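Dear colleague,

I am handing over the structure below, together with a short account of what was found in it. Please keep it open while you read, since the notes move from one part to another.

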Amino acid sequence: MSDILDLFITRIYRTALNNYDIKINSDELETTCFSIAHDDVAGQRWCEENDYSGYTSYASLDDLPWRFPIFKDLVKALDLHVADFAEELQFDLGDRPLVLNGLWINILPEGGIHTGHIHPNSVISGTTYVSMPDGASAIKFEDPRLPMMMAAPPRKTNANTGSRTFNYINPNVGDVLLWESWLRHEVPMNLAEEERISVSFNYAWG
Ligand SMILES: [Fe+2]
């Protein structure tokens, strides 16, 4: 059999948020997310007007790390993870590090979905998981070459993860996932009775 080279690999970083010295208490983070969602009337209105299932602070609050100490600590931890991933990706960033340019809360109720999207104007995007009750949606990633595949046959149902067109990752509370911002992803329907809570973010080349 010939040797096969794996080229143009799509890499996804998955690790425990608390792997570094900065520790984030997920219960405290959950309570803070609920309290922000409860008080953020502008955000609630935006979700209603835009048929957004559940709550996101995306359109209403752009300063969570300045308002809440736990989010400030979260960014300190994320900075380390993102720098780590950038190193793994062998980015040559020169003297311009990747810097946070967006961080927001997502609270997805039972039946809620978040359709396929990318994160424009960013380099690395990711999510950390705050509450993942039984049945909470995985995150679904799509092969970025899909629009070019035209006549390519489907993959076997038991194909290895590297060959699949779609991959589902089921994160645990306290996990952080990172990927390159051009990678299309979606959150399929949340089948958990309780809310699925996550905090998503973008990093740009400063
Ligand atoms: Fe996203």
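A good place to begin is F71, which, once its neighbours within four places in sequence are set aside, is in contact with L29, T32, C33, I36, L64, P65, L103, I105 and V199. Please bear in mind throughout that this is a predicted model.

F71 also belongs to the largest nonpolar core, which has 34 residues, and together with L103 it touches the most other members of that core. At least two residues of this core are supplied by each of α1 (26–39), α4 (69–88), β3 (98–108), β5 (124–131), β8 (175–180) and β10 (196–205), and the largest share, nine residues, comes from α4. Another core, of 10 residues, lies apart from this one, and I139, F141, L177 and W179 are among its members.

The next feature is the metal site. The iron ion is coordinated by the NE2 atoms of H117, H119 and H185, at 2.0 to 2.2 Å, and in sequence these donor residues follow the spacing H-x1-H-x65-H. Distant parts of the chain are linked here by the pair H119 and H185, for H119 sits in the loop between β4 (114–117) and β5, whereas H185, 66 residues apart from it, is in strand β9 (residues 185–187). Both H119 and H185 are buried.

The strands β4 and β9 appear again in an open sheet of four strands, whose order is β4-β9-β6-β7 and whose pairing is antiparallel. Its edge strands, each pairing on one side only, are β4 and β7 (166–169), and from one strand to the next the twist averages 15°. Between β4 and β9 the antiparallel pairing runs over two bridges, and the bridge partner that H114 finds in β9 is V187.

Finally, T56 deserves a look of its own. This residue is placed in strand β2 (residues 55–56), and T56 counts as buried because its relative accessibility is 2%, where the cut-off for buried is under 20%. A polar atom of the T56 side chain lies 3.0 Å from the backbone nitrogen of Y58, and the side chain of T56 also reaches the backbone oxygen of I105, at 3.2 Å. Leaving aside neighbours within four places in sequence, T56 is in contact with G43, W46, C47, W104, I105 and N106; I105 is likewise on the list of contacts given for F71.

With best wishes

Note on methods:
Residues are numbered from 1 along each chain as its sequence is written. This is a predicted model: local features need pLDDT of at least 70, side-chain atom pairs count only at pLDDT 80 or more; totals for chains, interfaces and linings use all residues. Side-chain values use heavy atoms; hydrogens and water are left out. A nonpolar core is a set of buried Ala, Val, Leu, Ile, Met, Phe, Trp, Tyr and Cys residues joined through side-chain atoms within 4.5 Å. Buried means under 20% relative accessible area, exposed over 50%, partly exposed in between (1.4 Å probe, protein chains only). Contact means heavy atoms within 4.5 Å. Donors are N, O and S atoms within 2.8 Å of the metal (3.2 Å for Na, K and Ca); water is not among the atoms, so sites may look incomplete. A polar contact is a pair of N or O atoms within 3.5 Å; within protein, one must be able to donate a hydrogen and the other to accept it, and residues adjacent in sequence count only if both atoms are side-chain atoms. Two strands pair if DSSP finds at least two bridges between them. Axes are lines fitted to C-alpha atoms, for helices over the stretch in contact, and angles run from 0 to 180 degrees between N-to-C directions.
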